[in-house]
Amino acid sequence: MIRLANLTDEELKTIGRRIGRAFYDEGEGLFTRLDREDAITALEIMTECYYRLGVLYATSEQQEGYLAYWRKGEAKEWGVIMVRVSFHMAWRFLREIPFGSLKKLLLLMNNPYEKLYQKEPDYEVISMVAVRRDFQGQGYLRVLLEEPFRIARERKIPCVLDTDTGLKVKKYVSCGMKKTAETPIKGGGTMYTMERDYRDE
C-alpha cells in the first residue's frame, strides 16, 4: 500500500474518475441513481477530498485499487484543514453537479456507522474502497483491507465501513468482516454497516 501524494491535478482527476467508474459500472448501488457522468464527477470530488486530507492510498505503483481510511482519533486533529476541504467539496458539488443529481446525492451522503459507534473512543474507518474493473476478482480487495485491519488489530479497536449492496456485503464477509446493521435509505435502498472487531483479541 502506498499513500498518494504529490499528484498533479490531472493525475488526481484521473484517479477520481477511475474510482467513479469502478463504483458506477458495477451496475448496482446507490450511485447508480445518478446519471453516470454525474456519479463519476461526484466520486472524483470525494476522491479529491480524501486526498487533501492525506488519507488516500493505492495498492501499488500500478494502482490496481484505491482506499481512503482514517481513525476517529485522527479526525479530531484535522481542524481547519477539514473545514477548508469541506467547503471546497461543497463548492465543487454546487458548481459541477446538476441540481436534480445533487438532491439524490445528498440522500446518499449518510454515514450510519457514526451513530452506531458514536460511544466508541476510537475506531478505524474505511470511507472509500474501489478496485479498478480490469483488476477485479484477483484478490485486491483483501490487499486494500490489510492495512486498516492491521492498525485496528494493533490498537484493539473496530474497523468499520458502510456499503450499499448485498454483493459488497458478501465480499467484505469473505474478508473477515461481519454485518452489524442495515439502515434504509430514503427513496429506496439500504446501507449496510460492516465491522472487523479487534476489541477482544
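Okay, Arg71 and Asp122: their side chains are joined by a polar contact of 2.9 Å. Keep in mind that what we're looking at is a predicted model. Where does Arg71 lie? It lies in strand 3, which covers residues 65-71. And is Arg71 buried or exposed? With a relative accessible area of 17%, Arg71 is buried, because buried here means under 20%. If you skip the neighbours within four places in sequence, Arg71 is in contact with Asp122, Tyr123, Glu124, Ile151, Arg155 and Ile157. So Asp122 turns up twice for Arg71, once as its polar contact and once in that contact list.

Right, salt bridges next. Side chains of opposite charge can pair when their charged atoms come close. How many salt bridges does a search of the whole structure find? The search finds 17. I'll walk you through a few.

Start with Glu48 and Arg92, whose side chains meet in a salt bridge, 2.5 Å from N to O. That pair links distant parts of the chain, with Glu48 in helix 2 (residues 36-53) and Arg92 in helix 4 (residues 80-96), 44 residues apart. Are these two buried or exposed? Glu48 has a relative accessible area of 10%, so we call Glu48 buried. Arg92 has 8%, so Arg92 is buried as well.

Now look at Glu96 and Arg95. They form a salt bridge too, and their closest N and O atoms are 3.1 Å apart. Here the surroundings read like this: Glu96 is partly exposed, at 28% relative accessibility, while Arg95 is exposed, with a relative accessible area of 52%. Here's the nice bit: salt bridges that share partners join Glu44, Glu48, Arg52, Arg92, Arg95 and Glu96 into one network. So if you're clicking around the model, try picking out those six names together.

Let's stay with one member of that network, Glu44. You'll find Glu44 in helix 2, and Glu44 is buried, with a relative accessible area of 7%. What joins the side chains of Glu44 and Arg92? A polar contact of 3.0 Å does. Leaving out residues up to four places away in sequence, Glu44 touches Lys13, Gly16, Arg17 and Arg92.

One more salt bridge before we move on. Lys168 pairs with Asp164, and their closest N and O atoms are 3.0 Å apart. Both Lys168 and Asp164 are buried.

Back to helix 2 for a moment, since Leu53 is found there. Leu53 is buried, with a relative accessible area of 12%. Which residues does Leu53 touch, not counting those up to four places away in sequence? The answer is Trp78, Ile81, Met82 and Val85. If you'd like a distance to try on screen, take Leu53 and Glu146: they are 93 residues apart in sequence, and 21 Å apart in space from C-alpha to C-alpha.

Last stop, a hairpin. Strand 6 (residues 178-184) and strand 7 (residues 190-196) run antiparallel, and 6 bridges join them. Pro184 stands opposite Thr190, which is in strand 7. Between the strands of this hairpin there are 5 residues, and Gly187 takes a positive phi near 90 degrees.

Okay, that's my tour.

Key. Residues numbered from 1 in each chain as written. Predicted model: local features only at pLDDT ≥ 70, side-chain atom pairs only at ≥ 80, totals over all residues. Heavy atoms only, no water. Helix = DSSP H or I, 4+ residues; strand = E, 2+ residues; numbered from the N terminus. Buried < 20%, exposed > 50% of the residue type's maximum accessible area, 1.4 Å probe, protein only. Polar contact = N/O pair within 3.5 Å; in protein donor to acceptor, adjacent residues only side chain to side chain. Contact = heavy atoms within 4.5 Å. Salt bridge = Lys/Arg side-chain N within 4 Å of Asp/Glu carboxyl O. Pairing = 2+ DSSP bridges.
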